[in-house]
Amino acid sequence: MLSPAFLSKLRSLLPPHCVLNEREDLLPFESDGLAAYRNTPDVVVLPENEAQVAAILQLCHQNKVAVVARGAGTGLAAGALPVDGAVLLVLAKLNRIKAIDTLTRTAVVEPGVRNLAISEAVAEHGLYYAPDPSSQIACSIGGNVAENSGGVHCLKYGLTVHNILALRAWTIDGQLLEIGNESLDAPGYDFLALMTGSEGMLAVITEVTVKLLPRPQRAQVVLAAFDDVAKAGAAVGNIIAAGVIPAGLEMMDRLAIQAAEAFVHAGYPLDCEALLLCEVDGVNEEVSADIYTVRQVLEASGAIEVRTAESEEQRLRFWAGRKAAFPAVGRLSPDYYCMDGTIPRAQLPHVLKRISEMSAECGLAVANVFHAGDGNLHPLILFDANQPGELAKAENFGGKILELCVEVGGTITGEHGVGLEKIKQMCTQFATPELMRFHDVKAAFDPDKLLNPGKAVPELHRCAEWGAMHVHGGQLPHPELPRF
Amino acid sequence: MLDSLIERIRAAHDSRTPLIIEGGGSKTFYGNPDEGEVLGTRKFTGVIDYQPKELVLTARAGTPLAEIEVLLGEQNQMLAFEPPHFGGPATLGGSIAAGLSGPRRPYAGAARDFVLGVRMIDGTGQPLRFGGQVIKNVAGYDVSRLMVGALGTLGLITEISLKVLPRPAAETTLQFELDEAAAIRNMNLWAGQPLPLSATSWHAGLLTVRLSGAASAVQAAQAKLGGETVKDAAAFWQRLRDQTTPFFDTRSSSSNQSLWRLAVNPTSPPLTVSNRLGGDAQWIEWGGAVRWLVSDRPAATLREAARAAGGHATLFRGDTPADGVFPPLAPALLILHRNLKQRFDPRGIFNHGRLYREF
């Protein structure tokens, strides 16, 4: 609980409408996009400018009060889950686009600016901001930096870390960090990379300079159906081996296809085990050459049907099914739980087979959608939270999927972050020395552990309590033992 | 071999012996002078894993870049950040530790953009592994990228996993006679259009532009832009990448001149500091974002010119200025640098002072 004296000091820093601590005002902030995790915040502050952010941090630092930063609250890993006795620092009101420079192809924005709002603001200049997480209509750029958000175009255009140039951020003791500049690099350690994906653990971002790209002259998508997921997986590697880097390369399995088709009528073939959507973009001639190559490769890889979108309208319809896959699956089941592992693509058939076996074992169905180009797997576990024990069963199943991803040389999170949700699996992915170094990085910025405490990096003793097993370099402990 | 490196580092930690990490020695000129026993990585060599279909290569730090480039070339792939070799036997580890990239950087990304994971040994002799071999990975802090450009001050990189890319099917280089201001403007205007740019350079009144992509796309862009086709363009870009053209050789000049790298806002107008010696004393690349100056001006003057142009100035080759070769850090950032160094290398044995003399 925060003391009345502290709350009164906090109120003195901000206009009255920027401090919330009545219960009904706090409820909307009790969870982020992972609604299974809820905790009512003690107090919510919504600063309207950078100076207020700095003052809040200084006050919290002086009083040793923890701070949880939150953007639009669309995160999927409970990274912005309120912490008891902490201030929830909501940056949504810092939502100005401060500058757009079309010649340098950059925009300077506050952290609360929505991802899609950037592309909308620069569209008239033929430019856009490349990372496009599926929540882009709502998620904010500050949150994107905190999570190193991706999207469907990462293989070609990179993640957030590849598309930002500079940050203004504040340490917990109220020091301004000016990271990056107007050139393409900065002296010293790469703090731009370190801050990106740091999940609000190191500093609070108040300004982001993003890179803008010229909108591709043309984008075209090819749809291919396969009677076997392994063939579809192999086709992905074959496209890349042919020298094409698709702008987007997505795969859906049978259950996801059926759900999407029933929901949005995208015209997907239904008699297949896997569907690939391969989009290429760029200059007109490049797209023509790539589409030709992609079609050839897909046919040679055993696709039972290959269709090229012949119009923009058809391209959007092909995508509509994939983009609606999550809500479509949501219609099949009262609840679903979305996982976010990444695997080396070659492991796809093995991983899908294991997921299907585990699904049968625990009795919960799974639909798989997959950013196939970059190996990022989103299994959607179907369950009913109203059935006693099902949520726990789904979480347990999800945890096993993540451990499988680590076992085959991948990672527990490709783009959603660790937050609180995957903190146990961090003990699987990393051994003690690496976890200690993560705590060292944290301590270099925030020795009192006041920023987003308890998230992203597990305390070592917690790993021991959970009994989580570290899988090192794809080797399970005791590799001599047979495992089936 | 790894064990012997660990033992050596543990011993150095115990005895507080400063070490200088050295790969191929092609970049010994880069950074502040440092002293210590040489810890060589050249014997720690070999490609561990290369999966062309996964676009991922993993190799030991001492592996020569040239060897990696040949291997990638056999599969029609490349290191898209075009790491400089500087005319020497550059290694992968050195390239990543220095964090330098070549002409393709503004269009394809920098060394740090392609690093997926590292294995390293910290200053206590503890082997560590961060990141991995997959393109998307947000578990834990991005320590792999933190190592890029840290000049070995946080630890010895022993193994690196990189994203690689297909080689473009076709490349053409065009040249235009243009003054500096017009060249800077064109570099930026063209970069904002859907054109397959892959490198830009301006020097002595000549704007040189490389186009890469499908043959039809390169031809279409060439038809749009005009210009003269450059013969033997690969050698031109390689000489620029490796700084083997006479422009970059400050030793050959009789006066007391140094080579400075000014990283600036790419649209910055011609820098007035360069005018005294005429256009010949400057070489622009990276779409205008890097201005190489051969100058005898004081460090403070050049640093201020770069700062005013939105960036920073580094002494690349020449006598170390009093405030070091790299631009001084703001106090808040310097504290964080020291804190990190203290955590990763508590006794300061690795490359002490090479990046900043304070650590």
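**Figure 1. A:V19 stands opposite A:V45 in β2 of chain A.** Welcome to the first sheet of this predicted model. Helix α3 (residues 50-63) of chain A packs on the sheet, where α3(A) touches β2, β3 and β4 (87-90) of chain A. The direction of α3(A) makes about 165° with that of β4(A); axes are lines fitted to C-alpha atoms, for helices over the stretch in contact, and angles run from 0 to 180 degrees between N-to-C directions. The sheet is open and has four strands in the order β1-β2-β4-β3 of chain A, with mixed pairing. At its edges are β1 (19-20) and β3 (67-70) of chain A, each pairing on one side only. β1(A) and β2 (residues 43-45) of chain A run antiparallel and are joined by two bridges. Here, strands pair if DSSP finds at least two bridges between them; helices (H or I, at least four residues) and strands (E, at least two) are DSSP runs, numbered from the N terminus. Residues are numbered from 1 along each chain as its sequence is written, while chains are lettered from A and ligands numbered from 1 in the order in which they are written. As the model is predicted, local features need pLDDT of at least 70 and side-chain atom pairs count only at pLDDT 80 or more, whereas totals for chains, interfaces and linings use all residues.

**Figure 2. Helix α1 (residues 4-13) of chain A crosses α3(A) at roughly 165°.** Their axes come within 10 Å, and the two helices are therefore roughly antiparallel to each other (angles under 35 degrees count as roughly parallel, over 145 as roughly antiparallel, 65 to 115 as roughly perpendicular and the rest as oblique). From α1(A), A:F6, A:K9, A:L10 and A:L13 meet A:Q52, A:A55, A:I56, A:L59 and A:N63 of α3(A); residues are in contact if their C-beta atoms, placed from the backbone, lie within 7 Å. Six of the residues in this contact are nonpolar, two polar and one charged, where Ala, Val, Leu, Ile, Met, Phe, Trp, Tyr, Cys and Pro count as nonpolar, Asp, Glu, Lys and Arg as charged, and the others, Gly among them, as polar.

**Figure 3. Domain 1 (4-90) and domain 2 (97-214) of chain A are in contact.** The domain bounds come from an automatic or database domain assignment. The C-alpha centres of the two domains lie 23 Å apart, and the contact takes 15 residues from domain 1 and 18 residues from domain 2. Take another look at α3(A) here: with six residues, α3(A) gives the largest share of the domain 1 side. That side has eight nonpolar, six polar and one charged residues. α3(A) also lies across β8 (164-170) and β10 (204-211) of chain A, running at about 140° to β10(A).

**Figure 4. A second open sheet in chain A has five strands in the order β5-β6-β10-β8-β9.** Its pairing is antiparallel, and the twist averages 10° from one strand to the next. β5 (97-101) and β6 (residues 106-109) of chain A pair over four bridges, with A:A99 opposite A:V108 in β6(A).

**Figure 5. Chain B meets chain A through 70 residues of chain B and 76 residues of chain A.** Helix α11 (residues 331-344) of chain B gives seven residues, the largest share of the chain B side. By class, that side has 38 nonpolar, 22 polar and 10 charged residues.

Methods: Contact = placed C-beta atoms within 7 Å.
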